[in-house]
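Here are some notes on the model you sent round, set out as numbered points. I begin with a single residue and its surroundings and then move outwards to the chain as a whole.

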Amino acid sequence: MWGVAPAADAVIRRAMDSVSTTSLQSGRAAALRSRPSGGPALLLLLLLSLVLPAVASAQTGSVSGRVRSDDGRPIEGALARLFPVADSTREEFTLSAALGFFAFRNVAPGDYVLTLSQFGLRDHREELTVAAGTPTRVEITLLTAPIEIEGLTVEAERSRARTRFEEEAGITVQEIGSEALKSIPVIAESDPLRAIEVLPGVTSVSDFSASFNVRGGSADQNLILLDEVPIFSPFHLGNIFSVFNADMIDRVELQSGGFPAEYGGRVSSVLTVASDPGDGDFGVDAGVSVLATRVAMKGALPESAAEKLGFTATRARASVRRSYLDLLIKPVADFPYHLSDLQGVFEAWTEGGSRLRFVGYSGRDIVDLSGIADTPVPIRWWWGNDAIGGSWTQSMSGGTSMAFRAGFSRFGSDLEFPEVDAEFQTGIEQATIGADLEHHPSWATRWKSGVAVNRVAFDNGLLGGGASFLDQKGSGIEVAAYSQIHWDPSPDWLVEGGLRADYWRPNAGETEATLSPRFAVRRFLRNRSSAVRLAVGRYSQFIHSTRDEEFPFGLDTWVLAGAEAPRIVSDQVQLGAESFFGDDDAWFASLEGYFRTFDGVASVNAAEDPNDPMDGLVAGEGDAYGVDLYIKRDRGTTTGWLSVSLLKTERSFPDTRVGVEPQPWITYPPVFDRRFEVDLVLRRPLGWWGLEAGVRANFGSGLPYTRPLGTFHIYRTQFVTGALDADDGDAVVLGPRNGARYPPRHRLDLSLRRTITRSWGTMTPYLSVINVYNQKNVLFYFFDYQADPPVRQGVSMIPFLPTVGFEVSF
């Protein structure tokens with residue numbers, strides 16, 4: 001049908017089978033350093049994908065083009081629709097990419113209608129003729145026509161979801177747009193990292209931490225990006241809130257599995273916080289919550305300044321946020337804590353459609369108890385992030401683009417104890433430079449390759465009384481290169497293959513090289529409304545956090561792979577089915593199973609030798625498997641989603657506490673092994689007083705913990721008399737590691753928002769209620785074995801907690 005000979009089709013199937021088989025092979029330390037098999041088969045698949053579409057193109061055509069605004073700026077996210085003149089029900093659609101490029105492939109010859117639309121711009125409609133074997137290219141300009149359309153963010157989110165469904169073979173992505181983000185009940189104010197807790201496969205250890213775990217991975221295995229810049233430990237108030245200001249965010253995208261070869265550096269997930277530069281018009285968004293006050297302003301460069309710099313269009317947004325309680329009560333008392341942050345994004349376009357983009361963030365938390373009288377712990381403590389990144393994307397003909405990027409990100413913390421002259425410092429920083437090339441060699445093929453160089457360094461130190469008790473420093477250079485290809489062999493199939501090479505050279509320890517093949521295939525069903533998909537791949541990571549995830553508070557302390565820590569390699573496979581259904585595809589459902597192995601995970605060494613600076617961590621391995629169900633409705637009066645997650649994950653480490661050689665291995669569930677979790681998120685206008693309600697209901701099975709079984713007095717033998725004397729202390733007898741579980745947790749949260757529209761803008765007061773029925777979910781237990789009988793006391797998480805806030809936009 002598509003001009004592909006049966007023999008060639010068989011070769012492709014054999015190549016795909018070979019790649020998917022070899023990608024699932026796992027190995028331990030020695031095997032991970034060797035070259036992965038499956039390379040020749042993957043190369044054969046890539047070569048065939050370049051040759052065979054030329055044969056198939058003799059029977060079909062394509063429609064592609066670029067869409068711009070009347071000021072010459074390429075339009076991202078414009079909705080392009082294509083349907084035959086004789087039958088408007090046979091409609092296909094796609095979204096324009098970052099540089100305004102869009103394409104329809106596998107188009108049968110005939111007469112068609114092409115329409116493009118975007119909020120605030122006039123719709124475009126034209127008729128065109130598609131000929132077999134001949135690409136049809138158009139250049140389109142959308143004129144400004146400001147109008148108000150309700151549900152704009154939801155419609156854009158729907159379009160991106162459908163486009164990913166149509167054009168991505170194996171990646172698992174869930175998105176939360178800005179409107180949905182603000183409707184989810186919150187502790188103080190909208191928080192992207194708190195919001196993703198409601199997505200399938202995501203586990204949160206406690207209410208007091210915004211850290212998250214994805215599909216059995218630890219929290220440090222999540223790559224968190226502000227646009228393209230990595231952010232380390234992005235938390236305010238000791239992990240309770242994230243550093244991201246919701247007024248600056250367009251959307252949050254979580255890639256929980258199957259991400260292609262262009263992504264590296266972490267093995268569990270990729271979370272992208274996409275900044276919103278605005279539309280170029282002046283505007284202000286401001287708000288006050290129980291946490292902080294904030295102001296965000298958007299606008300553009302003056303036209304004369306933009307023209308001198310060679311830009312046809314610019315847009316920018318910047319925000320400032322600060323907590324206010326210390327200032328509010330200062331006349332009466334000293335409050336020892338405050339936070340502040342700055343965030344900004346700038347975007348400019350040239351006449352040729354190229355884009356320049358900058359993003360930046362700087363934030364600090366400061367706790368100062370040193371000047372407060374009678375404080376039991378007179379400390380001075382600050383921590384925070386700084387990040388800046390820039391990119392230049394060069395637009396070329398045929399949808400080809402070249403992107404250059406550079407960035408710098410760092411996290412630091414300094415904890416001082418002035419009375420005892422002690423200080424603990426920790427820090428991590430990364431500098432990145434890279435380039436990517438995306439090309440469309442044929443109507444059925446999209447190819448992307450890139451290189452990047454990262455320099456990462458950490459510094460951990462403990463000083464006291466003029467002496468250094470810990471001086472832990474290290475750095476490393478990572479060179480990464482990847483190539484990936486997307487192939488549409490027919491309307492019923494999508495195939496993606498890729499290969500990533502990571503070379504890691506630490507300043508101390510062995511050099512590591514990892515080849516990571518990635519492969520995914522999608523089979524469409526029900527006229528491309530349903531699909532089944534398979535994705536396999538290998539992922540590597542060269543950084544660890546030594547923070548104990550069992551403790552709900554605290555900050556990350558980072559170390560690098562090398563002499564002190566191992567490299568992490570994870571082999572992963574996932575198989576799923578998904579479908580749009582209902583009137584106008586109002587519903588979407590997906591069911592996906594996965595299996596992951598983790599080689600090189602690290603844990604704190606319980607029997608660390610203080611005289612050996614290299615044995616602070618012990619290397620181990622682990623695995624995780626589970627099933628995620630996701631059902632979403634984004635049309636109608638009531639919208640929202642249901643997520644159900646089943647998970648089992650384990651870790652295995654040498655037991656360093658037993659004092660025998662060889663050390664036996666112990667296997668146990670990590671603290672984030674939540675076997676079952678359900679989240680329901682709903683959003684609905686109430687129809688009176690202009691109120692909109694948001695609901696989040698959660699149920700999760702209990703997390704594991706190590707239960708103490710009892711205590712005993714310590715006795716030592718006197719060497720002179722041989723008598724036993726009681727030592728001054730007791731010891732605890734522990735049960736199996738993480739062998740017990742806390743009770744299941746469940747919670748109901750509600751929010752109410754009312755948007756009041758005035759001629760100058762809008763006002764939105766809101767109320768959030770966390771834990772509506774005041775469920776006492778257990779954070780941890782205290783055991784008192786001195787009492788008779790012994791007593792167990794529980795410490796609960798967040799109780800019934802109402803918070804209010806106010807937002808204004810003009």
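1. In this predicted model, a useful place to start is valine 186, which, leaving aside residues up to four places away in sequence, is in contact with Asp191, Ser768, Ile770 and Thr803. Valine 186 lies in the loop between H5 and H6, and the C-alpha atoms of valine 186 and serine 768 are 6.1 Å apart in space although the two residues are 582 residues apart in sequence.

2. Is valine 186 buried or exposed? Valine 186 counts as buried because its relative accessibility is 10%, and the cut-off for that class is under 20%.

3. The two helices that flank this loop return in the largest nonpolar core, since helix H5 (178–183) and helix H6 (192–195) each supply at least two of its residues. This core has 41 residues, and those that touch the most other members are Ile176, Leu193, Phe212, Phe244, Leu271 and Trp641. Strands that also supply at least two residues each include S11 (222–226), S16 (269–275), S21 (355–368), S28 (512–525) and S29 (530–541), while S15 gives the most, with three residues.

4. Leucine 193 deserves a closer look, and its contacts, again not counting residues up to four places away in sequence, are with Ala210, Phe212, Ile224, Pro234, Phe235, Ser242, Phe244 and Leu271. A second core, separate from the one just described, has 33 residues, among them Ala188, Phe458, Trp504 and Leu617.

5. On the outside, Phe282, Val295, Met297, Val320, Leu342, Trp760 and Phe810 make a nonpolar surface patch of about 700 Å². One of these residues, phenylalanine 810, is found in the segment that follows strand S48 (801–809). Phenylalanine 810 is classed as partly exposed because its relative accessible area is 46%, which falls between the limits of 20% and 50%.

6. For the chain as a whole, eight helices and 48 strands are assigned, and 54% of the 810 residues count as buried. The accessible surface comes to about 35,500 Å², with 59% of it belonging to carbon and sulfur atoms.

7. Finally, on sequence separation, residues 24 or more positions apart account for 65% of the contacts in the chain that have a separation of 6 or more. The pair formed by valine 186 and serine 768, 582 residues apart in sequence, is an example of a contact across such a separation.

Note on methods: Residues numbered from 1 in each chain as written. Predicted model: local features only at pLDDT ≥ 70, side-chain atom pairs only at ≥ 80, totals over all residues. Heavy atoms only, no water. Core = buried A, V, L, I, M, F, W, Y, C linked by side-chain atoms within 4.5 Å. Buried < 20%, exposed > 50% of the residue type's maximum accessible area, 1.4 Å probe, protein only. Helix = DSSP H or I, 4+ residues; strand = E, 2+ residues; numbered from the N terminus. Contact = heavy atoms within 4.5 Å. Areas by Shrake-Rupley, 256 points an atom, 1.4 Å probe, with all protein chains shown as cover. Patch = residues over 30% accessible without salt bridge, like charges linked within 9 Å, V, L, I, M, F, W, Y side chains within 5 Å. Salt bridge = Lys/Arg side-chain N within 4 Å of Asp/Glu carboxyl O.
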